[in-house]
Amino acid sequence: MTGVRAPSLLTLVAMAALGALATNIFLPSLPYMAQDFGVDYATIQWSVSGYLAASAVLQLMIGPVSDRFGRRPVMIGALLIFLLATVGTLIATDVGLFLLFRMAQAISAAGMVLSRAVIRDVSGTEQAASRLGYVTMGMSVVPMMAPALGGIIEESIGWQGSFYVMLGAGVVVLVLVWTDLSETAIRGGVPLRQQVAGYPVLARSVRFWGYALAATTSSGAFFAYLGGAPFVGQEIYGLTPSQLGWWFGAPSVGYFLGNYISGRWSMRFGINRMVLVGSIIVAVALLFGLALDLSGLREPLTFFGPVVLMGLGNGLVLPSANAGMMSVRPELAGTASGLGGAMAIAGGAALAALSARVLDKDAGAAPLLTIMVVSAIGSVLAILWVMARERQILRSG
């Protein structure tokens, strides 16, 4: 649309997937990392919730900085920091130092922010939703397989092996970005002061907040799952690391399918319908899972089965919600992507930390599922708010 050269789908997928790999691959190792460092589960779980919190803060900066200085230099700089931080996690001698370097790894969030912004740079709104669907479909293969790989690595050589995989993946992505990503922000060079002056426009937009809240609350159910599922898998269902790894990838199977549907049908049905249908699927699936747990049916399938549908719903919600929030001010696509992403990750960090605190072996998965259900219902309400506002504007116009 803009005349600039778009990077290959492989490069965009790799940029987005690096953060997913860093988030997911080591999760089956969490209980064993706690033992290795001599801390409790809630402490080592900060490698998830603290990482997500750091990602939220960084996304607030990555978007505006990339609008000012360009997508390419920001992405290359972020990858170099990620590589140094990953080396730090491997040489850390105590949990405090490990968590410090783990927080620095959160710079991998640049890949998701900037892949979305690059797509929006070269696409219209509906086309962007379609392309985002295909990119996240490809990216979803990583969280589908990474926990299984991480479980096998844990049983073979220990948790450090997962961080060596992150290091190698970071090198591969850096090579791809260096050779394939040209500058797409042709409206770049906007001073940061001018960008900040555009924030009130986003702040006053029902569309931006509605889409951002829909994405935040729908993905919040998944982030709560990240924080609590390792405990549920080991303590409640007695799964080994490799077994947990295979089960843990369940939502990514649905997410892959949901993103495929988004890529095929977003332009035909529109982003609002896609978000509404997806958010309803997430809420209904998790309510069903909660009902099964409360009825006393506590098997891995009754917990991980419904989260497949949660993944499917998120695959419908997130590409369209992200495209919607970035369409409010196209010249601030990076800023909107970063702000919306920061909201989603910050909410996810809070829910992941909360889930680690409320889990109880005797209570089953119900506390975790309750948090996920409440978050999912929020997504339905958010998109209904956007649709009601748009109908009001049409009637008044």
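Contact here means heavy atoms within 4.5 Å. With that in hand, let's look at a predicted model, starting from the whole chain and then zooming in on one residue.

**The chain as a whole**

It's a helical affair: the secondary structure comes to 18 helices and zero strands. Here are the chain-wide values.

| Property of the chain | Value |
|---|---|
| Residues that count as buried, out of 397 residues | 62% |
| Contacts joining residues at least 24 apart, among those between residues at least 6 apart in sequence | 88% |
| Share of the exposed area supplied by carbon and sulfur atoms | 69% |

That last share refers to an exposed area of about 14,700 Å² for the chain.

**Helix 1**

Helix 1 covers residues 9–24. Its 16 residues reach 22 Å from the first C-alpha to the last, close to the 22 Å expected at 1.5 Å a residue. Still, helix 1 has a kink of about 30 degrees, centred on Ala-17. How many of the 16 residues of helix 1 are buried? The count is 14, so the helix is largely enclosed by the rest of the structure.

**Thr-11**

Thr-11 sits in helix 1. Is Thr-11 buried or exposed? Buried means under 20% relative accessible area, and Thr-11 comes in at 1% relative accessibility, so it counts as buried. As for its company, set aside the neighbours within four places in sequence and Thr-11 is in contact with Leu-176, Val-177 and Asp-180.

Methods:
Residues numbered from 1 in each chain as written. Predicted model: local features only at pLDDT ≥ 70, side-chain atom pairs only at ≥ 80, totals over all residues. Heavy atoms only, no water. Helix = DSSP H or I, 4+ residues; strand = E, 2+ residues; numbered from the N terminus. Buried < 20%, exposed > 50% of the residue type's maximum accessible area, 1.4 Å probe, protein only. Areas by Shrake-Rupley, 256 points an atom, 1.4 Å probe, with all protein chains shown as cover. Expected span 1.5 Å × (residues − 1). Bend = angle between axes of the 7 residues up to and from the residue.
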